[in-house]
Amino acid sequence: MSTTSQKTTSKTSKASAAKAGNNAKPKTPASHVAEGGDIQQPVEDGNIMTTAQGTPLSDDQNSLKAGDRGPTLMEDFAMREKIFHFDHERIPERVVHARGYGARGTFETLDPLTDITSANLFANKGEKTEVFVRFSTVAGNKGSFDLARDVRGFAVKFYTKEGNWDLVGNNIPVFFIQDAIKFPDLVHSVKEEPDRGFPQAQSAHDNFWDFVSFTPEAIHMTLWQMSDRAIPRSFRFMDGFGVHTYRFVNEDGKATFVKFHWKTAQGLQSVLWNEAVKINGADPDFHRRDLWDAIHSGDAPSWDLAVQVFDEDFAEKFEFDVLDPTKLIPEEQVPLRIVGRMTLDQAVDNDFAQTEQVAFCTQNVVPGIDFSDDPLLQGRNFSYLDTQLSRLGTTNFTQLPVNAPRCPVANFQRDGHMQTHVPSGRANYQPNGWSGDERGPRAGAGGYVTYPEEVNGPKVRHRSKTFADHYSQARQFWISQTPVEQDHIVAAYVFELGKCEVEEIRSRIVAHLRNVHEDLAARVADGLALELPDAAEPALAPREDLPASDALSILKNSPATFAGRKLGIFVSDGADAALVNGLKDAMDKSGAQVEIVAPKIGGATLSDGAKLAADQHIQGAPSVLYDAVAIVLGADSAADVAELATAQDFVSDAFAHQKFVGYTPEAEPLLDEAGVAEKLDDGFINLATTKPTQFAKTLADLRYWDRPVKP
Ligand code: HDE
């Protein structure tokens, strides 16, 4: 390649990339040498592609050879450097939460908390703080699928004026274990079994349930994990929780306890397990695509940050130990106080630089926010810092753009791998006479002061008796669910334990479930065709007096809106144009998205002769990808469509997943072939007689739970 043609290529790439921003469409290269694709970085002003050392290149597509067809020469520094860099592009994935997805945005304080914390980010109404969020699954590898039955990580980095605060939470308010020393065992048990290297990204195997069967403290969390909380519709439709009890400390040094909650403004929503399994095949990136699409379409998701604040007196009186992370505090007992709102309106610019390299650490706190003695939290404070070194390879990971505080950083930490700062001056120690004492730490001037909690006692290695009740809150969770949700929980235990090869393990789990609720145990045992075992011996007799808490159910808190959801409209040639357009308008007004699905990706010619492009081919768009579907077929094409196996699945799955289905009379042959024509219920809406706006209103119920489908 000549220098001139290289220059032209680079210029075009830069200009088009800048114009199109994130949505730059790849260009079709005229030839493999003419256009190497968009080069956005590190081509700076020089407009010429270079090596990492800045040497201009004449050709990036052909290695240096001795003769036209001769061997490649070792001397080819350009090729060696390019491949050397490529060979080392991967860093170790996270040992847990490896699969995750990031987004950026802002946290705005709405109700200042100056009465209870000196934290600057909560001091002023309207104060905005930049945030980076990473959502994740826990067990699967980086390349696993999004719809695993799993806890979701909900980690938020606040770049405050007083340093970074990392609230590293989950979408479930309790945890499996009570002491950090058990974490490696928990994680080993849920990850691939070591001898065979599978199964990945799932808890449905012997090792996990074997571990749980000997760890009764995990039972409460397994109820959440077997509930639909563990198969959220997307990251946008789940809440987040800090889990542990933390401490707020105000200007006067007065401390209160606090638990953190993120409440989704989009409303809670989950999918069904059968749906999740199919989504994983149809679109393993379903959750990340959803977040990316929502942000790029201008529908930025948001969450309210709320706190539950309580004092020592409440902690004394509460039925459980507030330091026990396997317990929650019902909202009915300590109401939520909303502090502010986080909005994620920016996708990442680069998945690796930001999402992969972000390093959350529970130890990252700011003045006014402190830890409690929760033994899980104390252990986490060691683990997160430690793990970043093995992942990112250097103690200087704090200098990476995604991790760097937005406020000034001043200390005498120096050197180390990949040091990017060039500190000036003679002093690299403290105290020193070179830089004066104005750079030293100062307690009286906003420096972080740990809450002076009185601590006394013998060194012991045991569990406090106050942590001994393992079943009562599990029971409370169970009785708080609607019958539909209880059905899902039973089905999930039956599925998971059904994947255990050893009957003894199934039996040990059901023995625990008897201490939670006899109905639950009996139904799971029945689903497994298992003889009901004796109840496990509880360390402390479970209590049955805890009242149901509506806040624990998803369906009792259904958002009653279709906004932010997606309707799949399946069209074929001759489909009623007015209806299709009416549906699109109605969805637009509801704040919902539409995708057009057709038998051919080129689209369909509607009744008015207009060609409607398809977003998806029916083969690539099973109905599991949509919150509801409409089937609008043309009279002449309907018979052919009815024969398509994928179209039949589209309908029968929508039926089985209790979705609302809009249809026109032309779709009847398809409904018949799909085996649902005889079973039409109020969840099937005839669009020949129902206006699109009315249909849109019905969709706000999200699912037609009255359809008698056994999970
Ligand atoms: Fe984590 N956890 N964890 N964890 N965790 C990690 O840190 C750990 C726990 C959570 O998107 C690791 O940077 C221990 C509870 C999230 O980058 C590691 C214990 C909760 C993320 C680690 C726990 C979490 C992690 C792996 C028991 C909810 C992903 C990579 C004491 C409150 C953050 C990393 C991201 C990641 C350790 C328990 C949430 C190994 C030792 C409880 C959301 O440090």
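A polar contact is a pair of N or O atoms within 3.5 Å; within protein, one atom must be able to donate a hydrogen and the other to accept it, and residues adjacent in sequence count only if both atoms are side-chain atoms. This model is predicted, so local features need pLDDT of at least 70 and side-chain atom pairs count only at pLDDT 80 or more, while totals for chains, interfaces and linings use all residues. Residues are numbered from 1 along each chain as its sequence is written, and side-chain values use heavy atoms, leaving out hydrogens and water.

Thr245 offers an example of a polar contact: its side chain reaches the backbone oxygen of Val322 at 2.6 Å. Thr245 lies in the loop between β5 (240–241) and β6 (246–249); such strands are DSSP runs of E, at least two residues, and helices are runs of H or I, at least four residues, numbered from the N terminus. Thr245 counts as buried because its relative accessibility is 0%, where buried means under 20% relative accessible area, exposed over 50% and partly exposed in between (1.4 Å probe, protein chains only).

Thr343, placed in strand β9 (residues 337–347), is partly exposed, with a relative accessible area of 27%. The C-alpha atoms of Thr343 and Arg523 are separated by 42 Å.

The largest nonpolar core has 50 residues; a nonpolar core is a set of buried Ala, Val, Leu, Ile, Met, Phe, Trp, Tyr and Cys residues joined through side-chain atoms within 4.5 Å. Its largest share, six residues, comes from α13. A second, separate core of 37 residues includes Val131, Phe135, Val258 and Met342.
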